[in-house]
Amino acid sequence: MTGARLTGFRFEPLNPLHDKAGFQCGQPELDGYFQRQARQDVSRDLARVYVLTRDGKNVDGFYTLSAISVDPTKLPPQTVRKLPNIAIPATLLGRMAVDKRMQGIGLGNVVLMNALRMALDGSRIVGSWAVIVDAKPDALAFYMKNEFQPFPDQPSRLFLTMAHFAQLVSGLSIAE
Amino acid sequence: MATHPVHPQIESLDQRPVSLSEVDDIERAAERACFTNPPSIEPWMLTVADAEVVIDSWENPRKPGAHLKAAYAHYLEAIGQR
């Protein structure tokens, strides 16, 4: 995280005014998804896509949230003890990216925090135990620094429980 | 020191050149990570970035969740809610 002050940003659900073609994070798979697939996923209710923008047009970042279930036997033993032996509902942070022109100033954290906030708010309407992410190797440290824990047998898959996130941001939040 | 061994996985998983002093830190962090990571994660699976997280938490101990709390405060500021 940098010490720079970041202000003037807002998050919006992906809409036709957003300049999808102008977004480039540097990873062709993510760029291609955002430019060609994201709207379809939204229209088919497969994902919700949220965009970081300053002007409602140019896209500085985006992320996707979807429903997922977790096999409790795949979780760490100390975590499993607190859960029933059924598929555990969770929220998948499927894709997340920051535009190349805006990388290196801490916006990744801003995007992640909004994703966690939205997931937590959503979990208060439809139950969700945790946020799940499948991290690329170079992003593992980023998520672990933000309190995510790896699945024991699948170290690239990580989770952060809603309860832990809510506890950490209580008192900091805008609307509890 | 010039011949200090670096495990090939560390070299291959990180694009950035690794300084010799950093190699020492990474090895110390990797040893320590054996005790903190799940058993399925071998210490040599750590990337340099992973190792830096371990080193940071080792040399600059913070209260649990301090990084996330700081990130959340920056987030609130970025969206004009703080």
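The following questions and answers concern a predicted model of chain A.

Me: How many helices and how many strands are there in chain A?
Reply: From the N terminus on, the elements of chain A run β-α-β-β-α-β-α-β-α-β-β-α. Counting each kind of element gives five helices and seven strands.

Me: What radius of gyration does chain A have, and what would be expected of a compact globule with 176 residues?
Reply: The C-alpha atoms of chain A fill a box of roughly 45 × 35 × 30 Å along the principal axes. For 176 residues, a compact globule would have a radius of gyration near 16 Å. Chain A agrees with this expectation, because its own value is 16 Å.

Me: Which percentage of the contacts in chain A between residues at least 6 apart in sequence joins residues at least 24 apart?
Reply: The contacts considered here leave out pairs that are less than 6 apart in sequence. Of those that remain, the share joining residues at least 24 apart is 64%.

Me: Is helix 3 of chain A roughly parallel or roughly perpendicular to helix 5 of chain A?
Reply: The axes of helix 3 (residues 107-123) and helix 5 (residues 162-169) of chain A come within 10 Å and cross at roughly 115 degrees. Angles of 65 to 115 degrees fall in one class. Therefore helix 3 of chain A is, relative to helix 5 of chain A, roughly perpendicular.

Me: Which residues of helix 5 of chain A make the contact with helix 3 of chain A?
Reply: Helix 3 of chain A passes helix 5 of chain A in a left-handed crossing. Helix 3 of chain A contributes Leu116(A), Leu120(A) and Ser123(A) to the contact. The residues of this contact divide into five nonpolar, one polar and no charged. On the side of helix 5 of chain A, the residues are Met162(A), Phe165(A) and Ala166(A).

Me: Is Ala119(A) buried or exposed?
Reply: Ala119(A) lies in helix 3 of chain A. A residue counts as buried if 20 or more other C-beta atoms lie within 10 Å of its own. Because Ala119(A) has 22 such atoms within 10 Å, Ala119(A) is buried.

Me: Where in chain A does Ser128(A) lie?
Reply: Ser128(A) counts as buried, with 23 C-beta neighbours inside 10 Å. Beyond its neighbours within four places in sequence, Ser128(A) is in contact with residues including Ala119(A), Ser123(A) and Met162(A). The position of Ser128(A) is the loop between helix 3 and strand 5 (130-134) of chain A.

Notes:
Residues are numbered from 1 along each chain as its sequence is written. Chains are lettered from A and ligands numbered from 1 in the order in which they are written. This is a predicted model: local features need pLDDT of at least 70, side-chain atom pairs count only at pLDDT 80 or more; totals for chains, interfaces and linings use all residues. Axes are lines fitted to C-alpha atoms, for helices over the stretch in contact, and angles run from 0 to 180 degrees between N-to-C directions. Helices (H or I, at least four residues) and strands (E, at least two) are DSSP runs, numbered from the N terminus. Angles under 35 degrees count as roughly parallel, over 145 as roughly antiparallel, 65 to 115 as roughly perpendicular and the rest as oblique. A crossing is left-handed if the near helix is turned anticlockwise from the far one by less than a right angle, and right-handed if clockwise. Two residues are in contact if their C-beta atoms, placed from the backbone, lie within 7 Å. Ala, Val, Leu, Ile, Met, Phe, Trp, Tyr, Cys and Pro count as nonpolar, Asp, Glu, Lys and Arg as charged, and the others, Gly among them, as polar. A residue is buried if 20 or more other C-beta atoms lie within 10 Å of its own, exposed if 12 or fewer, and partly exposed in between; C-beta atoms are placed from the backbone. The radius of gyration is taken over C-alpha atoms; the globule rule is 2.2 Å times the number of residues to the power 0.38.
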